Amino acid sequence: MATFSQPTIESGSDMVQDFLCSTCEEKKLEESADYYCESCVKFFCRKCIDLHSQLYTQHSPHGRGDMKKWPVAKKMEDFLLKCDVHKEENNEMFCEDHSQLCCNKCAILNHRYFFLSHLS
């Protein structure tokens with residue numbers, strides 16, 4: 001699973017996707033990833049991608065210029081699913097009246113139930 005740099009989420013409004021190199025992370029190093037390989041489902045820094053490319057010549061890793069092909073990091077996904085008001089709750093519904101994601105608590109308190117649709 002992709003590891004997401006913790007300060008990126010906790011620092012506030014400027015959210016930048018900062019993935020860590022899978023190989024360096026195994027060595028307890030925090031090196032920012034510059035490539036993602038769909039075949040391996042791993043991230044690589046500039047140093048590690050060279051060896052990967054030598055070993056796996058048929059793989060086509062995607063660089064930062066092609067991040068739309070990178071997966072969403074699990075921590076980012078979790079962060080996006082959390083309710084802004086009730087931090088411990090996940091957003092599970094969409095209010096069509098307000099065009100807004102909401103958790104069960106918000107749905108009961110602020111939204112009419114028949115205008116809600118479940119996300120899953």
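What is the volume of the largest pocket? In this predicted model, the largest pocket has a volume of about 190 Å³. Its lining is made up of Thr23, Glu26, Cys40, Lys42, Phe44, Lys47, Cys48, Leu51, His52, Leu55 and Tyr56. Sorted by class, these lining residues comprise six that are nonpolar, two that are polar and three that are charged. At least two residues of the lining come from each of α2, β2 (42-44) and α3 (46-55), and the greatest contribution is that of α3, which provides five residues.

One of the residues lining the largest pocket, Phe44, is also among the contacts of Asp34. Asp34 is situated in the loop that runs between α2 (22-26) and β1 (35-37), and with a relative accessibility of 15% it falls in the buried class, because that class extends to values under 20%. Leaving aside residues up to four places away in sequence, Asp34 touches Phe44, Cys45, Arg46, His62, Gly63, Arg64 and Trp70. A separation of 9.2 Å is found between the C-alpha atoms of Asp34 and Gly65, although these two residues stand 31 residues apart along the chain.

Trp70, which Asp34 touches, also takes part in the aromatic pairing of the model. Five aromatic pairs are found in a search of the whole structure. In one of them, Phe19 and Trp70 are arranged edge-to-face, with a centre-to-centre distance of 5.4 Å and an angle of 70° between the planes. Phe19 belongs to the loop between α1 (6-10) and α2, whereas Trp70 belongs to the loop between β3 (62-63) and α4 (74-81), so this pair ties together parts that are 51 residues apart in sequence. Phe19 is buried, its relative accessible area being 0%, and Trp70 likewise counts as buried, at 6% relative accessibility. The rings of Tyr36 and Trp70 also pair, and because their planes meet at 45°, with the ring centres 6.5 Å apart, the arrangement is tilted. This second contact again links distant parts of the chain, given that Tyr36 lies in strand β1 and Trp70 in the loop between β3 and α4, 34 residues apart. Tyr36 counts as buried, with a relative accessibility of 6%. Together with Phe43, the residues Phe19, Tyr36 and Trp70 form one aromatic cluster.

The cysteines were examined next. A disulfide is a covalent bond between the sulfur atoms of two cysteines, and a search of the whole structure finds zero disulfides. For Cys37, the closest cysteine sulfur is that of Cys40, at 3.7 Å, which is too far for a bond because the cut-off requires sulfur atoms within 2.5 Å. Cys40 is itself one of the residues that line the largest pocket, while Cys37 is buried, with a relative accessible area of 0%. Cys83 is likewise in no disulfide, the nearest cysteine sulfur being that of Cys103, 3.7 Å away. Cys83 is also buried, with a relative accessible area of 3%.

Methods:
Residues numbered from 1 in each chain as written. Predicted model: local features only at pLDDT ≥ 70, side-chain atom pairs only at ≥ 80, totals over all residues. Heavy atoms only, no water. Helix = DSSP H or I, 4+ residues; strand = E, 2+ residues; numbered from the N terminus. Buried < 20%, exposed > 50% of the residue type's maximum accessible area, 1.4 Å probe, protein only. Contact = heavy atoms within 4.5 Å. 1 Å grid on protein atoms, 1.4 Å probe; cavity = no way out; pocket = protein on both sides within 12 Å on 5 of 7 lines; lining within 4 Å. Points joined across faces, edges and corners; volume = space filled by probe spheres on them. Nonpolar A, V, L, I, M, F, W, Y, C, P; charged D, E, K, R; others polar. Phe/Tyr/Trp six-rings, centres within 6.5 Å; stacked < 30°, edge-to-face > 60°.
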